[in-house]
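Thank you all for making time this morning. I would like to walk you through a structure that is probably new to most of you, and I will take it one region at a time.

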Amino acid sequence: MAKIDGSVIVAKVLKDQGVDCVFTLTGGHVFRILQECQKLGIKVVDVRHETAAVHAAMAYGRATGKMGVVILTAGPGVMSGYTAFHDASLGRMPILILGGAAPLRLRGTRAMQEIDQMTPMNAVCKFAATVTDNKLMARTLYNAIREANVPPRGPVFVEIPADLLVDDSYLIDEKDADWDTYAVSCIRCGADPDKLVAAASMLLETENGALYMGEQMSYQLRDPGVFKELAEYLQFPIAAASGDLGAYIEPEHPLAYGSLAAGGMAEVILVFNATDDYVLNLNGPAFNSDATLIEVNEDPNELSFGRPATLGIVGTPDIVARQLLDVIKTMAEPRNPDESDWVEMLQEMTPNVYDMATAELEDVEDDEIMHPMVAVVEIAEFLAGDGADCNIISDGGDWCTYVGTILAMQMRHFTRPNRLVVGQNKLGGVGWGAGATTGLALATGHPILFSMGDGSLCEYLGEFFTYAKFGLPVVCVIGDNSSWNMIRTFADAKYTDEDNLIACRLLAADGSAFHYEELAKAWGGLGIYVEKKEDIIPALNKALAAAKEGKPSIVDIRVNDNIAPSASVGMAYDLYGLGNE
Ligand SMILES: Cc1ncc(C[n+]2csc(CCOP(=O)(O)OP(=O)(O)O)c2C)c(N)n1
Ligand SMILES: [Mg+2]
């Protein structure tokens, strides 16, 4: 009988659970796991910072609908990922964190990288366990995987002391590894029939309704077409989180095109698998406060969390949508698309919404340092044309709010899910996009337009070397205002007589600007500096061509720092309790 170590068991369980990619920054405590993963054909992606590994696993998981896996070495390795574990927790993302740990035989001796990992990990993970015997390795992993995948989904931690992986005295017979699958990898259930009838009645009471698809939709989704069927039957537009619209409906469909303003005016809103928080904000202007609110969620704790739901239904969204449609069909005929004043009105409004968002551009002088919105409108044009194949990760401060606002208006170009990912970072930390870019590029195979503020770029600059190592097609576009500008925007909103640029300026000691595009030389990529509007699209095209040859590129666009985007000012008002602008 073959003797095996713990790493063989880990790799086999991962393979059994359909894991095809793990994210890591290696270390002496964990490299054995990577070796065994590779032998089983699991792709090992090594990044330059542990936080980026977690963000990569989150993006990979969200885009593929799978659990993400990270393997981090003991002590500093696990702790360097800690910020991102909270991101995964707030975002309800299933992430299995495998952490190295000091050998059992040295516990309590101040061994290398020996720290208490369990106390901090218990604070953020749904499940945290130390394996002390290779006979329990498989079972513990399956238990962790079950916990990660059961709603509310979230990060789980399994700590593996090094001796289980590398010390011959811990080898076990293969037959003793307890291979039985304990994991429940899929939990799908339908709704209470009485609630379905009640919901159907509410939905049929008005023609002015809207459907909203939350960020938790991609996990365990088997029947994505049902939402469009439901929307068409009721003639209610569909809106989706973070550019996922293309997963449910073609963006040129009348019920997608008109969805942007629907929630704010609808009389009934049906929300699927949404996690209410400051990002979604069911109490905000995007959701009419007088509307009948029907929430469908796999997690009962989410119902009425931030806003009382008129009706809450527990169940798997696509199953519940199918049940609901069946009930509605027994109660009413399908609505006629040619007779819906509601959809017609929403469609007419859509171009106005874009005009309203870009209204400030009318007063912009050509000779000034470029207004950030001018640059973002050019980028949006690129993404609708030559850059149509790109997915987009949007990070940074003020620059990110401009990119988010303008691209939200361009939703009709979002022909597939994951086109624009802004919402993955629930914790609100800048720099998350660097790791997410790796995960999204690997999961989708599409080039990534990675949009960044100049400040945030530097937080995880090392990840460009990950892109270059794996030949990932990444175009990084920087809105370069030489400043951590959003914080200055926040300060300006209240403290008019103070030095609001303190600790915000990002210039060299002699006052000169940094040229981030020069960095691309280090990995053989293309770097382009842009000051004029007409140079943006040509630069992006060149950078995209280089990126597609595996040379990640940087386009550094100089933009004006003296402009405060209204979305950032609104956030400042919220933070300082200043009420509505
Ligand atoms: C990890 C982390 N550190 C600090 C912050 C505070 N913060 C929010 S926005 C921002 C400025 C971002 O600057 P930049 O990326 O250059 O974008 P800009 O606002 O200048 O457009 C900072 C520092 C944060 N959100 N996350
Ligand atoms: Mg900046």
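Before anything else, please keep in mind that what you have in front of you is a predicted model.

Let me begin with a pair of helices, α15, which covers residues 372-384, and α21, which covers residues 536-548; their axes come within 9 Å and cross at roughly 50 degrees. How should we describe the way α15 and α21 lie to each other? Angles under 35 degrees would count as roughly parallel and those from 65 to 115 as roughly perpendicular, so α15 and α21 are oblique to each other, and the crossing in which α15 passes α21 is right-handed. On the α15 side the residues that meet the partner helix are Ala 375, Glu 378, Ile 379, Glu 381 and Phe 382, and on the α21 side they are Ile 536, Ile 537, Leu 540, Asn 541 and Leu 544. Sorted by class, this contact of α15 with α21 has seven nonpolar residues, one polar residue and two charged ones.

Just ahead of that second helix, in the loop between β18 (527-530) and α21, sits Lys 532, which at 48% relative accessibility counts as partly exposed. Lys 532 is 31 residues from Ile 563 in sequence, and the C-alpha atoms of the two are 17 Å apart in space.

A second pair of helices is worth setting beside the first. Here α3, residues 50-64, and α5, residues 82-90, have axes that come within 7 Å and cross at roughly 20 degrees, and because that angle is under 35 degrees, α3 and α5 are roughly parallel to each other. Their crossing is right-handed. Thr 51, Val 54, His 55 and Met 58 in α3 meet Ala 84, Phe 85, Asp 87 and Ala 88 in α5, and by class the contact of α3 with α5 has five nonpolar, two polar and one charged residues.

Let me turn now to the interior. In soluble globular proteins, nonpolar side chains tend to be buried together. Which residues have the most contacts inside the largest nonpolar core? That core has 55 residues, and the ones with the most contacts within it are Leu 203, Phe 227, Leu 230, Ile 238, Leu 270, Phe 272 and Ile 294. If we take Phe 227 and leave aside its neighbours within four places in sequence, its contacts include Leu 211, Met 213, Ile 238, Tyr 248, Phe 272 and Pro 317, and Asp 318 is also among them. There is, in addition, a second and separate core of 36 residues, which includes Ile 4, Ile 9, Leu 96 and Val 131.

Finally, some details of the backbone. Most residues other than glycine have a negative phi, and most peptide bonds are trans. Against that background, Pro 151 and Pro 152 are joined by a cis peptide bond, with omega about -5 degrees, and Pro 152 is found in the loop between α7 (137-149) and β7 (155-161).

Two residues other than glycine have a positive phi that I would like to point out. Arg 110, with phi near 60 degrees, lies in the loop between β5 (95-101) and α6 (118-124). Is Arg 110 buried or exposed? Its relative accessible area is 82%, and so Arg 110 is exposed. Asp 178, whose phi is about 60 degrees, lies in the loop between β8 (172-173) and α9 (193-204), and at 23% relative accessibility Asp 178 counts as partly exposed.

Technical notes
Residues numbered from 1 in each chain as written. Chains lettered and ligands numbered in written order. Predicted model: local features only at pLDDT ≥ 70, side-chain atom pairs only at ≥ 80, totals over all residues. Heavy atoms only, no water. Axes fitted to C-alpha atoms, helices over the stretch in contact; angles between N-to-C directions. Helix = DSSP H or I, 4+ residues; strand = E, 2+ residues; numbered from the N terminus. Parallel < 35°, antiparallel > 145°, perpendicular 65-115°, else oblique. Left-handed = near helix turned anticlockwise from the far one by under 90°. Contact = heavy atoms within 4.5 Å. Nonpolar A, V, L, I, M, F, W, Y, C, P; charged D, E, K, R; others polar. Core = buried A, V, L, I, M, F, W, Y, C linked by side-chain atoms within 4.5 Å. Buried < 20%, exposed > 50% of the residue type's maximum accessible area, 1.4 Å probe, protein only.
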